[in-house]
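Me: I'm new to this one and I'd like to go through it with you. Could you show it to me first, and then let me ask how each label was reached?

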Amino acid sequence: MTASVLAQQAELKAVQIYPQDELINMINENTHLDRVVMDDCQLVQDIEARAVTLKLPAYQFLWGDMLAWGVCVDAEPEHGVHYMNLAAQQGLPAAMEQLGRYYAIGRLVQKDIKRAIVFLREAAGMGNLKAQIRLAELFIKGHGSPYDYEDAYHWLYNAITADNETHQQIARCLQGLEKLMHPKAVRKARRPLNS
């Protein structure tokens, strides 16, 4: 073997498929697409197989996001959103949050606030902080049902974050929701999380 072939072999190293928990963490941190690219797109077939054949929700979401934005594959937004929907139907909070965000702003899909609220409310109820904040912001802007304000307030009031900017966002949302709620509902919403 020549020196250049040996150098190329030394550069190439096999990338292991992501464990489910690690992939979910990457999705929650929004680093999943960067990681696929950083791994030189070596796992595209494995990701597709886990999404299409095994129907694993985290991989359905990853595959959908890759298709939607053309990461390591040709862009196919329609198929991408389809796989994100499949992941959401299986209860992946990150998929619900992303679809809710997309419907709220009209990215890849037509803007549909009612549909956004359905996705965001489900993800928020499962503890997805991004969904909780976006849902509260929609309520503050006059969307949704006043019957849901107490839940939104309750989730945010009990949210824990070390990020100062997120903490300030939560505080603004709580103040905005308080203006829309009866004081008795606010007191009730301030109960501990699992009570």
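**Labels and the values behind them**

Reply: Let's start with Gln-132: leaving aside its neighbours within four places in sequence, this residue is in contact with Ala-124, Gly-127, Trp-155, Leu-156 and Ala-159. Keep in mind that this is a predicted model.

Me: What makes those residues contacts of Gln-132?

Reply: A contact here means heavy atoms within 4.5 Å. Ala-124, Gly-127, Trp-155, Leu-156 and Ala-159 are in contact with Gln-132 on that basis.

Me: Why is Gln-132 called buried?

Reply: Buried means under 20% relative accessible area. Gln-132 comes in at 6%, so the label fits. Its place in the fold is helix α9.

Me: Which other residues of α9 are buried, and what do they pack against?

Reply: Besides Gln-132, the buried set of α9 has Ala-131, Ile-133, Leu-135, Ala-136, Leu-138 and Phe-139. The buried residues of this helix pack against α7, α8, α10 (149-157) and α11 (164-180).

Me: How do you know that the length of α9 is close to what's expected?

Reply: Helix α9 covers residues 129-140, which is twelve residues. The expected span is 1.5 Å times one less than the number of residues, and for α9 that gives 16 Å. From first C-alpha to last, α9 reaches 17 Å, close to that figure.

Me: Stepping back, what helices and strands does the protein chain have?

Reply: There are twelve helices and zero strands. Read from the N terminus, the elements go α-α-α-α-α-α-α-α-α-α-α-α. The C-alpha atoms fill a box of roughly 80 × 35 × 25 Å along the principal axes, and 40% of the 195 residues count as buried. As for contacts with a separation of 6 or more, 57% are between residues 24 or more positions apart.

Me: What makes Cys-41 and Cys-72 a disulfide?

Reply: The cut-off is a pair of cysteine sulfur atoms within 2.5 Å. The sulfur atoms of Cys-41 and Cys-72 are 1.8 Å apart, so the pair qualifies. The structure holds one disulfide.

Me: Why is that disulfide called left-handed?

Reply: Because the torsion about the S-S bond of Cys-41 and Cys-72 is about -60°. The pair links distant parts of the chain, 31 residues apart. Cys-41 sits in the loop between α3 (32-38) and α4 (44-52), and Cys-72 in the loop between α5 (57-69) and α6 (77-89).

Me: Are these cysteines buried, exposed or partly exposed?

Reply: Partly exposed covers the range between the 20% and 50% limits. Cys-41 has a relative accessible area of 30%, so it counts as partly exposed. Cys-72, at 25%, therefore gets that label too. Cys-173, on the other hand, is buried, because its 3% is under 20%.

Me: What is noted about the phi of Cys-41?

Reply: Its phi is positive, about 60°, although Cys-41 is not a glycine. Leu-108 is another residue other than glycine with a positive value, its phi being near 70°. Leu-108 is found in the loop between α7 (93-105) and α8 (113-125).

Me: Why does Leu-108 count as partly exposed?

Reply: Its relative accessibility is 34%, which is between 20% and 50%, so partly exposed is the right label.

Me: How do you know that Asp-39 is buried?

Reply: Its relative accessibility is 9%, and that is under 20%, so Asp-39 counts as buried. Asp-39 lies in the loop between α3 and α4. Apart from neighbours within four places in sequence, Asp-39 is in contact with Val-15 and Tyr-18.

Me: What does Asn-85 touch, and where is it found?

Reply: Asn-85 is in helix α6. Not counting residues up to four places away in sequence, Asn-85 touches Leu-99 and Phe-119. Asn-85 and Pro-183 are 38 Å apart in space, C-alpha to C-alpha, and 98 residues apart in sequence.

Me: Last one: how many positive and negative side chains does the protein chain have?

Reply: There are 20 positive and 23 negative side chains, and the centres of the two sets lie 12 Å apart. The accessible surface of the chain comes to about 11,400 Å², with 51% of that belonging to carbon and sulfur atoms.

Key. Residues numbered from 1 in each chain as written. Heavy atoms only, no water. Helix = DSSP H or I, 4+ residues; strand = E, 2+ residues; numbered from the N terminus. Buried < 20%, exposed > 50% of the residue type's maximum accessible area, 1.4 Å probe, protein only. Areas by Shrake-Rupley, 256 points an atom, 1.4 Å probe, with all protein chains shown as cover. Lys, Arg positive; Asp, Glu negative; His and termini not counted. Charge placed at Lys NZ, Arg CZ, Asp CG, Glu CD.
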